[in-house]
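Subject: Structure handover

Hello,

Here is the structure we talked about, for you to take over. Please open it first, then read the notes below.

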Amino acid sequence: MIKISDIDNKTLAFKTKEIINKYDFAFKKNFGQNFLIDQFVLDKIVSSADVSKDDIVIEIGPGIGTLTACLAKNAKKVIAVEIDKTLIPILEDTLSNFDNIEIINEDILKVDIKKIAEENKNSKIKVVANLPYYITTPIIMNILENRLPIESITVMIQKEVAYRMEAKPGTKDYGSLSVIVQYFCSPYLVANVPQNCFMPRPNVDSAVIKLTTLEKPPVDVDNLELFYYVVKTAFSQRRKTLLNCIFNAENFKFSKEEIANILNEAGFDVNIRGERLNIEDFAKLTKVIENKL
Ligand code: SAM
């Protein structure tokens, strides 16, 4: 029988099967449990996250601790938040050689990340994770929209979502997620990751993306809530013009003539589609609409 604490942490990825057998661990689909078993991908995540001994890393969903161990070797401290209580004894075993890891058994959506950041305000805070895909957007949006003091977010997510986050205007992947993510961050696609790098294999393709938070958004927006609504409205019906999307939006009560005037005032053709607008354009449009409400 293997003694897990004796395993070199570099080999945890290769020992996943042995570890889960030892603990009779059953993967839970509803928690998005697809564990990374490829050391090359783990090293790539850690190097692209640029973790150093000055950094506090918040890891979402450590699983059996494979990525956690790689992070702990490079970071000042890793705070690992895992929802599944059956993984806690495994983590206490696999990570027993480290004294710079704190394991929190909690749902990340209930954790006060702002408080963690305040308690560690003299260090840079980075989020690194192989995310449970079912809550990718709420996790990232919570960090971004609440302007939590996080320097960067380096995460494995579903490939299509990563492509949408970094998409540019006029491309097929460009949408509300692209605009909102790029309002707060500079995205960089680190790598595509094939399904055979996970156990069990997910039925979607994955990618690692690094979102570096901007000190200041690229454009000033006074009414962020209205900005989000305008952006979401613009992409609500992709085949329709921006004019029709605004006309059909539940919270706007403009006539088509009024919308044509709004578009003219913002400097856009009346037949333009939302996918042509960049962040600055959306900010301009929001301002004009705000003045007409
Ligand atoms: N980091 C491990 C790895 O790379 O092998 C596991 C990654 S697995 C894709 C996602 C992990 O997130 C699982 O351990 C799962 O139990 C955990 N998880 C799922 N939902 C969570 C939540 N709401 N809060 C915290 N952890 C969660």
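Which side chain has an N or O atom 2.9 Å from a nitrogen atom of the ligand? Tyr134 does. Taken alone, the ligand exposes 590 Å², and the protein buries 99% of that. Please keep in mind that this is a predicted model.

**The ligand**

Two further contacts go to the backbone. A polar backbone atom of Ile83 lies 3.3 Å from a nitrogen atom of the ligand. For Pro62, a polar backbone atom is 3.4 Å from a ligand nitrogen.

The shell around the ligand holds 23 residues. Those that come nearest are Leu36, Gly61, Glu82, Asp107 and Tyr134. Tyr134 thus appears here as well as in the side-chain contact. By class, the shell has 12 nonpolar, 6 polar and 5 charged residues. Two strands each supply at least two residues of this shell: strand 1 (35–36) and strand 3 (77–82).

**The cavities**

Where does the ligand sit? The space it takes is the largest cavity. The count comes to 3 cavities of 30 Å³ or more. The largest has a volume of about 310 Å³. Its lining is made of 26 residues, and the closest to its centre are Gly61, Pro62, Gly63, Glu82 and Asn130. Gly61 and Glu82 are also among the residues that come nearest to the ligand. Pro62 is one of the backbone contacts given above.

Which elements build this lining? Strand 1, strand 2 (55–60), helix 3 (66–74) and strand 3 each supply at least two residues. Strand 1 and strand 3 do so for the ligand shell too. By class, the lining has 15 nonpolar, 7 polar and 4 charged residues.

The second largest cavity has a volume of about 40 Å³. Gly32, Asn34, Asn130, Leu131, Pro132, Tyr133 and Phe198 line it. Asn130 also belongs to the lining of the largest cavity. What classes are found around the second largest cavity? Its lining divides into 4 nonpolar, 3 polar and no charged residues.

**The largest pocket**

Now to the open space. The largest pocket holds about 290 Å³. It is lined by 13 residues, and Lys29, Gly32, Asn34, Pro202 and Asn203 are the closest to its centre. Gly32 and Asn34 also line the second largest cavity. By class, the pocket lining has 6 nonpolar, 4 polar and 3 charged residues.

**Two backbone details**

Where is the cis peptide bond? It joins Met199 and Pro200, with omega at about -15°. Pro200 is in the loop between strand 8 (198–199) and strand 9 (206–213).

Asp24 is the other residue to look at. Its phi is positive, about 55°, although Asp24 is not a glycine. Asp24 is in the loop between helix 1 (16–22) and strand 1.

**Where to start**

Begin at the ligand and Tyr134, with the 2.9 Å contact. Then go on to the backbone of Ile83 and Pro62. From there, follow the lining of the largest cavity, with Gly63 and Asn130 among the residues closest to its centre. Leave the loop with Pro200 and the loop with Asp24 for last.

Best wishes

Conventions:
Residues are numbered from 1 along each chain as its sequence is written. This is a predicted model: local features need pLDDT of at least 70, side-chain atom pairs count only at pLDDT 80 or more; totals for chains, interfaces and linings use all residues. Side-chain values use heavy atoms; hydrogens and water are left out. A residue is near a molecule or strand if one of its heavy atoms lies within 4 Å of it. A polar contact is a pair of N or O atoms within 3.5 Å; within protein, one must be able to donate a hydrogen and the other to accept it, and residues adjacent in sequence count only if both atoms are side-chain atoms. Accessible areas come from the Shrake-Rupley method with a 1.4 Å probe; for residues, only the protein chains shown count as cover. On a 1 Å grid over the protein atoms alone, a cavity is a set of points where a 1.4 Å probe fits but cannot get out, and a pocket is an open set with protein on both sides within 12 Å along at least five of seven lines; lining residues have an atom within 4 Å of a point. A molecule sits in a cavity or pocket if more than half of its atoms lie within 2 Å of its grid points. Helices (H or I, at least four residues) and strands (E, at least two) are DSSP runs, numbered from the N terminus. Ala, Val, Leu, Ile, Met, Phe, Trp, Tyr, Cys and Pro count as nonpolar, Asp, Glu, Lys and Arg as charged, and the others, Gly among them, as polar. Grid points are joined across faces, edges and corners, and a volume is the space filled by probe spheres set on the points.
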